[in-house]
Amino acid sequence: MKCISCGAEAFSATTTDVADLGGCLVIVRNVPCHKCSECSEILYTGDVVKRLEEIAAAAKLAMNEVVIVDYNSKAA
């Protein structure tokens, strides 16, 4: 996969995604991504973005101030 920012090669990796939903901060660990070898830009596939949105929606319903979830967890 090529980086959309600089065009360099991006490699498969995992990252931690943080979403601030106003009253709730959602931290998702071990998110699959592609990371640029030159500029370190993080790229997600459409499936990953959809899953992150589902996790954020579930966390918002729980209305906790801080939620930390493992991406592979069935809890969210």
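**Briefing: a predicted β-β-β-α-β chain**

At 5% relative accessibility, Cys3 counts as buried (under 20% relative accessible area; exposed is over 50%, partly exposed lies in between; 1.4 Å probe, protein chains only). The model is predicted, so local features need pLDDT of at least 70, side-chain atom pairs count only at pLDDT 80 or more, and totals for chains, interfaces and linings use all residues. Residues are numbered from 1 along each chain as its sequence is written, and side-chain values use heavy atoms, with hydrogens and water left out.

**Cysteines**
- The structure holds zero disulfides (a disulfide is a pair of cysteine sulfur atoms within 2.5 Å).
- Cys3 is in no disulfide, and the nearest cysteine sulfur belongs to Cys39, 3.6 Å away.
- Seen from Cys39, the closest cysteine sulfur is that of Cys3, and 3.6 Å is too far for a bond.
- Cys39 counts as partly exposed, because its relative accessibility is 37%.
- In general, a disulfide is a covalent bond between the sulfur atoms of two cysteines.

**Overall layout**
- The chain has one helix and four strands (DSSP runs numbered from the N terminus: helices are H or I with at least four residues, strands are E with at least two).
- From the N terminus on, the order is β-β-β-α-β.
- The C-alpha trace spans about 40 × 25 × 15 Å along its principal axes.
- Of the 76 residues, 30% count as buried.
- Take the contacts (heavy atoms within 4.5 Å) between residues at least 6 apart in sequence: 52% join residues at least 24 apart.

**Asp17**
- Asp17 lies in strand 1, residues 10-20.
- Asp17 is buried yet has no salt bridge (a side-chain nitrogen of Lys or Arg within 4 Å of a carboxyl oxygen of Asp or Glu).
- The nearest side chain of opposite charge is Arg51, 12 Å away (Lys and Arg count as positive, Asp and Glu as negative; His and the chain ends are not counted).
- The Asp17 side chain does make a polar contact with the side chain of Tyr44, at 3.0 Å.
- A polar contact is a pair of N or O atoms within 3.5 Å; within protein, one must be able to donate a hydrogen and the other to accept it, and residues adjacent in sequence count only if both atoms are side-chain atoms.
- Leaving aside residues up to four places away in sequence, Asp17 touches Val26, Ile27, Val28, Val31, Tyr44 and Leu52.

**Strand 4**
- Strand 4 covers residues 66-70.
- Val67 and Val69 form its covered face, while Val66, Ile68 and Asp70 form the uncovered one.
- Strand 2 (residues 25-36) runs parallel to strand 4, and five bridges join them (strands pair if DSSP finds at least two bridges).
- Asp70 in strand 4 is the bridge partner of Arg29.
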